[in-house]
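This report describes the fold of one protein chain and some details of its backbone. The structure is shown first.

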Amino acid sequence: MDKMKIAADLVRSGEITYIDYVSEISAAEMDISEGRFRPWDVSYWKTVRRAHSDGKKVVFVSGPVPPEVLYAMDCIPFYVDFFPSRLLQNAYLSSWLIGETEKKVNPDLCRLNKIQIGSLLAGNMGVIPDAYISAPIPCDSARTAYFSMERLIKAPSFHFDIPICRNSRSLDYIEVQFGAFINFIERITDKKLDWESLRYRIDLSNKSAELLERCSLLRKVRPCPMSSHMNIWNELMNAFAPTEEMLSLLQKELEICRSRIETGESPCPDGEKHRLLLMHNMLWQGLDLMDWLESEYGAVTVMDGYSFRKREFFDHPDDRADCFKIMCRRMLYGSTAHGAGAFGDDILDAAYGVINDYSADVSIFLGSSGCRHEWASLKMLTDSIFDKFGIPTLIFVIDNADMNYKSDGEIKSAISQYMDTVINKN
Ligand code: SF4
């Protein structure tokens, strides 16, 4: 029988918990990477799994809730948005979770939210939440899903109210809520926020942000030393940035990039021929897609996702009020609909920035079928890229959470046709 089917049955029957299964999938990815560097989230899942035995509280989190405060308070954030990324790699399991949510909770959510809720409905998570905190994104599906998650998580909860409008009044409004957030965490942990512990986490967060930016800057070099992993890093940064483990992962990427630049080595076996801007709404399907583009077309992905080139630093880490303001600003600007559903100006700036700064000559847009926001700005985006740079964008519909929607083969076939007939004009 298919290994994935067996694994799905084991998880569904409760013989394996969801958190253990996700850890296994992540570890297996490392085994198959055959010398290629791929961001690896095993250490994050390990931290979540052993949280209670290490005397920590587990806080389920949706959206960009400041991880520095959570780690400083001996809490481990279980980042609910990150969970489907691994679960969906088993199409049997993910389609069952989607079906359960449709039957029992709400058929109108996007599939990303359905997988999150389905895993909570199953009641076999393998980790018991001590609290739930959300910083909602402005998306009908996500906002509806948060209330269902709150009900299923069955732990004390705190919800930020994040305005859509980005201005100083909105920032003031979030800062007012920040005090209540600190009070909530202090109640959950039964201790006061210790500035020294927070200062330590802020330093780690700054170091991670600096490494992330340095890695992304190195991809400007020709040949580009490594495919972008920004989408994966973005998710991990939200959950794991203020930790030593995250620093080690980013340090490793930086070292590989530097040594490849020194020797002129490219991840494209026959040399770099194209530089790709790969736009998507959290692409977790086809983990080898970037490797395949490098081998087949000499096309290296200089940037994927949107706007993940850098993170805001804590410029005055000794100034407590300023650090809190940065955390609030990150929530205001980070609580945005996924991928191309974000603000139009931001998307154009991000795409233009990558094409200009990274000399991208190929543009691919893999939109998510289940996302209500994904398609709103697509025409503006692709027309603008063509008018400004003369680059025709491949538009292809996939689903960011359901691998049954399009197979890896279908995705590669569409990309092949585009590369052969539009880019290489064979
Ligand atoms: S922005 Fe799109 S993908 Fe994200 S939660 Fe909303 S509908 Fe789902």
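The text below goes from the overall fold to one group of strands and then to backbone details.

The model is predicted: local features need pLDDT of at least 70, side-chain atom pairs count only at pLDDT 80 or more, and totals for chains, interfaces and linings use all residues. Residues are numbered from 1 along each chain as its sequence is written.

**Overall fold**

The protein contains 17 helices and 8 strands; helices (H or I, at least four residues) and strands (E, at least two) are DSSP runs, numbered from the N terminus. The radius of gyration is 21 Å, close to the 22 Å that the globule rule gives for 426 residues, so the protein is as compact as a globular protein of that length. That radius is taken over C-alpha atoms, and the globule rule is 2.2 Å times the number of residues to the power 0.38. The C-alpha trace spans about 65 × 55 × 40 Å along its principal axes.

Of the 426 residues, 46% are buried. Buried stands for 20 or more other C-beta atoms within 10 Å of a residue's own, exposed for 12 or fewer, and partly exposed for values in between, with C-beta atoms placed from the backbone. Among contacts with a separation of 6 or more, 77% come from residues 24 or more positions apart; a contact requires C-beta atoms, placed from the backbone, within 7 Å.

**Strand β1 and its partners**

Strand β1 (residues 57–62) is mostly covered, with 5 of its 6 residues buried. β1 pairs in the parallel sense with β2 (residues 75–79) over 5 bridges, where a pair needs at least two DSSP bridges between the strands. In this pairing V58 is opposite I76 of β2. Helix α4 (residues 67–72) completes a right-handed β-α-β unit with β1 and β2; right-handed applies if, with the strands pointing away from the viewer, the path from the first strand over the helix to the second runs clockwise. β1 also runs parallel to β3 (residues 131–134), joined by 4 bridges, and S62 stands opposite S134 in β3.

**Backbone details**

The peptide bond between R222 and P223 is cis, with omega about -10 degrees. P223 belongs to the loop between α10 (195–218) and α11 (230–240).

Positive phi values occur at two residues that are not glycine.

| Residue | Phi | Loop | C-beta neighbours inside 10 Å |
|---|---|---|---|
| K154 | about 55 degrees | between α8 (140–153) and β4 (157–159) | 11 neighbours, exposed |
| S359 | near 50 degrees | between α15 (344–358) and β7 (362–368) | 12 neighbours, exposed |

Methods: Two residues are in contact if their C-beta atoms, placed from the backbone, lie within 7 Å.
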